[in-house]
Amino acid sequence: MGHSLIGAFDGNSLSKWSPKADGTEQHLVVDLGSVQKIKRCETFTDFVDKGAQYKIEYSADNVKWSVFADKTNNAKISIPCFADEGNAKARWVRLTVLPAKDKTIANIYEFKVYGD
């Protein structure tokens, strides 16, 4: 699937979104279509031997963003996914993936957003 974002949302754990591995942070944005309650986000990565560093933010207007989960200093390994819980209302959800210390960046197999 290469750089295709659809790999992160197709419900297929074999396809993935491969962010550009150029040493910079990469992000994807989910449009939920209308303002929804957000209670949980699950981020499935291919990092099985190190923690993935990422941040999840949410927005009602795609302009002003608030933090749902900040794992930018994460060192914990979490298999099969990183689960973050909170209580937000938003239309847009942004996942930002940061490069690891060795400059690698996590591929995203699935990014799931849950409400009530």
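Is Asp22 buried, partly exposed or exposed? Asp22 is partly exposed, with a relative accessible area of 44%. Please keep in mind that you are looking at a predicted model. Here are some points to follow in the structure.

1. Start with Asp22 and its partner. The side chain of Asp22 forms a salt bridge with that of Lys20, at 4.0 Å from N to O. Lys20 is partly exposed too, with a relative accessible area of 43%, beside the 44% of Asp22.

2. Now for the other salt bridges. The count comes to seven, and one of them joins the side chains of Arg40 and Glu42 at 2.8 Å, N to O. Arg40 is partly exposed, at 25% relative accessibility. Glu42, at 11%, counts as buried, because buried means under 20% relative accessible area. This pair does not stand alone: Arg40, Glu42 and Glu85 are linked in a network of salt bridges.

3. Next, try finding Asp102 and Lys50. Their side chains meet in a salt bridge of 2.7 Å, N to O. The two residues are 52 apart in the chain, and the pair links distant parts of it: Asp102 lies in the loop between E4 and E5, while Lys50 lies in the loop between E1 and E2. Asp102 is partly exposed, with 45% relative accessibility, and Lys50 is partly exposed as well, with 22%.

4. Turn to the nonpolar interior. The largest nonpolar core has 23 residues, and the members that touch the most others are Ile56, Leu95 and Phe111. Five strands each supply at least two residues of this core: E1 (26-45), E2 (53-59), E3 (66-71), E4 (82-98) and E5 (108-114). The largest share, six residues, comes from E4.

5. Leu95 is a good residue to click on. Leaving aside residues up to four places away in sequence, Leu95 touches Gln26, His27, Leu28, Thr43, Tyr54, Lys55, Ile56, Ile108 and Phe111. Two of these names, Ile56 and Phe111, are already familiar from the core.

6. Finally, look at the cysteines. How many disulfides does the structure hold? The number is zero. Cys41 is in no disulfide, and the nearest cysteine sulfur, which belongs to Cys81, is 11 Å away. A disulfide requires the two sulfur atoms to be within 2.5 Å, so a pair at 11 Å does not count as one. Cys41 is buried, with a relative accessible area of 0%, and Cys81 also counts as buried, at 11% relative accessibility.

Methods: Residues are numbered from 1 along each chain as its sequence is written. This is a predicted model: local features need pLDDT of at least 70, side-chain atom pairs count only at pLDDT 80 or more; totals for chains, interfaces and linings use all residues. Side-chain values use heavy atoms; hydrogens and water are left out. A nonpolar core is a set of buried Ala, Val, Leu, Ile, Met, Phe, Trp, Tyr and Cys residues joined through side-chain atoms within 4.5 Å. Buried means under 20% relative accessible area, exposed over 50%, partly exposed in between (1.4 Å probe, protein chains only). Helices (H or I, at least four residues) and strands (E, at least two) are DSSP runs, numbered from the N terminus. Contact means heavy atoms within 4.5 Å.
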